[in-house]
Amino acid sequence: MAGDLSFSELRQLAGLTIEEVASETQSSVSTVYRWERGETAPKAPIYRTLEMLAQFNTEAAEKTSFRFIDLFAGIGGLRIGFQGIGGHCVFTSEWDKYSQITYQRNFRDNHPVNGDVREFSEDPAKIPEFDVLLAGFPCQPFSIAGVSKKNSLGRPHGFLCDTQGTLFFDTAKIIAHHRPAAFLLENVKNLERHDQGRTFATIMHVLQKELGYHVQTRVISSEPWVPQKRERIFIVGFREPTEFNLKALEIPGSGSGPKLGSILTPHVDVPEKYTLTPKLWDYLQAYKEKHEAKGNGFGFGLCGPNDVARTLSARYHKDGSEILVAQPGKRPRRLTPKECARLMGFEKDGREWHIPVSDTQAYRQFGNAVVVPVVEFLAQAMQPYIEKALSKRERERASSVTLHEAKGVLELEII
Ligand SMILES: C[S@@+](CC[C@H](N)C(=O)[O-])C[C@H]1O[C@@H](n2cnc3c(N)ncnc32)[C@H](O)[C@@H]1O
């Protein structure tokens, strides 16, 4: 380990807090702060132990480390999964002001949240080098009128030009410039059927034929992980041929997922404002009756603790109709934002999620997000193949950044 690191740098690389060092070395916290500020130095054996720990951590990080970028980041659902397998997020783009607030509150970063992706796809060199690209790009129709004419003319610009003006185009341009070892794109299940399948066919054509990636797709429902039926399509691409097999991944415990009761707050602890007003409840019931009479299945979804919820949407803040929680002797209520955080798996197994925005913004953010444990599952499955896919140069770059970034975070903390 480099002998010129300060105590503070070593402590960070060793992954210990000041309090932990104090307790392990039976020193007072104020003594450790003096070491931290370089006013005094610990005895040599303490320094050596920290060096060993730091070396161990750095080597472990080198084994799994890679750099990734988070495009159309929302509140960072994709990021959590790839951070969890040792990835370092080096660039984020999300233009919504409120999502940026939530993102920054939940990820302590040494890089800012950038705005419009298009500013970077125009000049992708502005994005730092990375190994894996993550993007939950918004789905937009492509204007592919005239394809056959262009086809007959030999399509000089390829299909990529048909996607111009769409956010997929911006994503593809960034992939084309940086040629990451892998990417994960996420979208609504309906992407496959969008514009009678043309949108999806164009996306696949660009990724496979024009960018030359080995691409696999799969629709996965979140039910095995959270009490919500949320189906999303995942598009995984590797730059080199890979043995990773998305379709063959065994989804854990299908059919025996958790029920809503596992994420609900006891009714008595839920503020009254989440109970529907009489006017809204009357309206929703009348609406359902009207549609049922017509033979349509539209209307609200009333659930109890033994149910699995419908898909939480970005418009949940409007009337909450897709997931209403039945309350004994009372009108139903909406889920609280905290319950949504659990329903989407942002808050799970001891992981805490901060909600620094209004209820309306929080509902929008969760309704737009991915279910985190699904991404964690995919990231874990992809991890060994990502490692294999990195070239020697990329591996070296990723590990040198580990050290560099640890120092970056350190500087931020000291300030
Ligand atoms: C489907 S959401 C992605 C959600 C994310 N995967 C998550 O877990 O929170 C798409 C996001 O793209 C953002 N967005 C749309 N157009 C954008 C643009 N031009 N530049 C940056 N972000 C954009 C939206 O604000 C939205 O948060």
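## Asp-195 and two other loop aspartates

Let's start with Asp-195, which in this predicted model sits in the loop between β5 and α10 (198-210). Its phi is near 50 degrees, a positive value in a residue other than glycine. Is Asp-195 exposed, partly exposed or buried? There are 16 other C-beta atoms within 10 Å of Asp-195, so the residue is partly exposed; to count as buried, a residue needs 20 or more, and to count as exposed, 12 or fewer.

Asp-349 makes a good companion to look at next. Its phi is near 45 degrees, again a positive value in a residue other than glycine. You will find Asp-349 in the loop between α13 (337-343) and α14 (359-368). Asp-349 is exposed, because it has 6 other C-beta atoms within 10 Å. Then there is Asp-116, placed in the loop between β3 and α7 (118-121). Asp-116 has 13 C-beta neighbours inside 10 Å and therefore counts as partly exposed.

## The chain as a whole

Now step back and take in the protein chain. How many helices and strands does the protein chain have? Its secondary structure comes to 16 helices and 10 strands. The protein chain has 415 residues, of which 38% count as buried.

Contacts tell you something about how the chain folds back on itself. Taking the contacts in the protein chain with a separation of 6 or more, 72% are between residues 24 or more positions apart.

## Helix α1

Helix α1 covers residues 7-14, and it is mostly covered, with 6 of its 8 residues buried. Which residues of α1 are buried? They are Phe-7, Ser-8, Leu-10, Arg-11, Gln-12 and Leu-13. As you look along the helix, it helps to remember that an α-helix has 3.6 residues a turn, so residues three or four places apart point the same way.

Just after the helix, α1 is followed by Gly-15. The phi of Gly-15 is positive, near 75 degrees.

## Following the strands from β3 to β5

Several strands can be traced from partner to partner. Begin with strand β3 (residues 113-114), which pairs with β2 in the parallel sense over 2 bridges. Here Asn-114 of β3 stands opposite Ser-93. Strand β2 (residues 87-93) is mostly covered, with 7 of its 7 residues buried. The pairing of β2 with β1 is parallel too, over 6 bridges, and Ser-93 in β2 stands opposite Leu-71. Between these two strands, helix α5 (residues 77-83) completes a right-handed β-α-β unit with β1 and β2.

Strand β1 (residues 66-71) also runs parallel to β4, joined to it by 4 bridges. In this pairing, Leu-133 in β4 stands opposite Ile-69. What covers the picture for β4 (residues 132-135) is that both of its faces are covered. Val-132 and Leu-134 lie on one side, Leu-133 and Ala-135 on the other, and all of them are buried. The next partner is strand β5 (residues 182-188), which pairs with β4 in the parallel sense over 4 bridges. Leu-184 in β5 stands opposite Leu-134.

## A separate look at β8, β9 and β10

Another place to visit is an open sheet of 3 strands, in the order β8-β9-β10, with mixed pairing. Which strands form the edges of this sheet? The edge strands are β8 (302-303) and β10 (330-333), each pairing on one side only.

Strand β9 (residues 324-327) is joined to β8 by 2 bridges, and these two strands run parallel. One bridge partner is easy to pick out: Leu-302 has Leu-324 in β9 as its partner.

## Around the ligand

Finally, turn to the ligand, which has 19 residues around it. Which of these come nearest? They are Phe-72, Gly-74, Gly-77, Gly-136 and Ala-369. The residues of the shell around the ligand divide into 9 nonpolar, 6 polar and 4 charged.

Phe-72 also links back to the loop aspartates. Phe-72 and Asp-116 are 44 residues apart along the chain, and their C-alpha atoms are separated by 8.7 Å. Asp-116, as noted above, is partly exposed, while Phe-72 is among the residues that come nearest to the ligand.

How values were computed:
Residues numbered from 1 in each chain as written. Predicted model: local features only at pLDDT ≥ 70, side-chain atom pairs only at ≥ 80, totals over all residues. Near = placed C-beta within 6 Å. Nonpolar A, V, L, I, M, F, W, Y, C, P; charged D, E, K, R; others polar. Pairing = 2+ DSSP bridges. Contact = placed C-beta atoms within 7 Å. Right-handed = clockwise from strand over helix to strand, strands pointing away.
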